[in-house]
Amino acid sequence: KNCIGDAWTVAIKARLDHVHHWGRIMGSETWGDYGLFVKKNEFLMFPRSSNIRCKTAFIEPNRFYTFWMSRSKKGTVKLYIDGYLCAEKKPALADHFALAPD
């Protein structure tokens with residue numbers, strides 16, 4: 001069983017070689033193809049219809065970033081880049097991006 005629970009925060013420090021095409025940062029079994037991505041220098045959730053994206057951040061190749069994603073018990077998803085909040089939404093998709101139970 002999922003030991004993390006309904007509310008969680010994940011931080012991933014990464015340097016991306018390519019930032020133009022879809023590059024998955026994080027996913028979960030229950031999300032299917034959905035997840036946390038970088039595309040066209042933008043940090044966002046897929047599908048785009050979730051409307052969760054960091055509009056003010058421009059992700060550059062070959063530079064380290066710390067990508068954060070958090071989810072509240074009520075299903076509010078927040079994205080951060082290097083500790084700065086850049087997107088917040090309560091999506092109706094993928095059970096509000098709850099993690100897989102296993």
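## Burial and overall dimensions

A residue is termed buried when its relative accessible area is under 20%. By that criterion, buried residues account for 39% of the 102 residues in the protein chain. The structure is a predicted model.

For 102 residues, a compact globule would have a radius of gyration near 13 Å, and the protein chain agrees with this expectation because its own value is 13 Å. Along the principal axes, the C-alpha atoms occupy a box of roughly 35 × 25 × 25 Å. The protein chain exposes about 6,100 Å², of which carbon and sulfur atoms supply 50%. It carries 16 positive and 10 negative charges, and the mean positions of these two sets are 6 Å apart.

## Secondary structure and contact pattern

The protein chain contains seven strands and one helix. Read from the N terminus, the order of elements is β-β-β-β-β-β-β-α. Among contacts with a separation of 6 or more, 50% are made by residues 24 or more positions apart.

## The nonpolar core

The largest nonpolar core comprises 24 residues, of which Phe43, Ile59, Phe67, Met69 and Leu79 touch the most other members. At least two residues of this core come from each of β1 (8–15), β2 (23–26), β3 (35–39), β4 (42–46), β5, β6 (77–81) and β7 (84–89).

Met69 illustrates the contacts made by one of these core residues. Beyond its neighbours within four places in sequence, Met69 is in contact with Trp8, Thr9, Val10, Met26, Trp31, Leu36, Met45, Val77, Lys78, Leu79 and Phe97.

## Strand β5 and Ser70

Ser70 belongs to strand β5, which spans residues 64–71. Its relative accessibility is 11%, so Ser70 counts as buried. When residues up to four places away in sequence are set aside, Ser70 touches Trp8, Thr9, Thr76, Val77, Lys78 and Tyr80. Several partners recur in the list for Met69, including Trp8, Thr9, Val77 and Lys78.

## Loop residues Arg63 and Tyr34

Arg63 is placed in the loop between β4 and β5. With a relative accessibility of 40%, Arg63 counts as partly exposed. Its contacts, not counting residues up to four places away in sequence, are Ala14, Arg15, Leu16 and Asp82. Arg63 and Lys73 are 10 residues apart in sequence, and their C-alpha atoms are 33 Å apart in space.

Tyr34 is placed in the loop between β2 and β3 and, at 28% relative accessibility, counts as partly exposed. Excluding residues up to four places away in sequence, Tyr34 touches Arg24, Gly27, Phe46, Pro47, Leu93, Ala94 and Phe97. The C-alpha atoms of Tyr34 and Pro101 are separated by 17 Å, with their positions 67 residues apart along the chain taken as the sequence separation.

## Backbone features

Most residues other than glycine have a negative phi, and most peptide bonds are trans. Phe46 and Pro47 are joined by a cis peptide bond, with omega about 10°. Pro47 is located in the loop between β4 and β5, and both Phe46 and Pro47 are among the residues that Tyr34 touches.

Asn41, in the loop between β3 and β4, has a positive phi near 65° although it is a residue other than glycine. At 14% relative accessibility, Asn41 counts as buried. Asp82, in the loop between β6 and β7, is likewise not a glycine and has a positive phi of about 50°. Asp82 counts as partly exposed, at 33% relative accessibility, and is one of the residues touched by Arg63.

Conventions
Residues are numbered from 1 along each chain as its sequence is written. This is a predicted model: local features need pLDDT of at least 70, side-chain atom pairs count only at pLDDT 80 or more; totals for chains, interfaces and linings use all residues. Side-chain values use heavy atoms; hydrogens and water are left out. Helices (H or I, at least four residues) and strands (E, at least two) are DSSP runs, numbered from the N terminus. Buried means under 20% relative accessible area, exposed over 50%, partly exposed in between (1.4 Å probe, protein chains only). Contact means heavy atoms within 4.5 Å. The radius of gyration is taken over C-alpha atoms; the globule rule is 2.2 Å times the number of residues to the power 0.38. Accessible areas come from the Shrake-Rupley method with a 1.4 Å probe; for residues, only the protein chains shown count as cover. Lys and Arg count as positive and Asp and Glu as negative; His and the chain ends are not counted. The place of a charge is taken as NZ of Lys, CZ of Arg, CG of Asp or CD of Glu. A nonpolar core is a set of buried Ala, Val, Leu, Ile, Met, Phe, Trp, Tyr and Cys residues joined through side-chain atoms within 4.5 Å.
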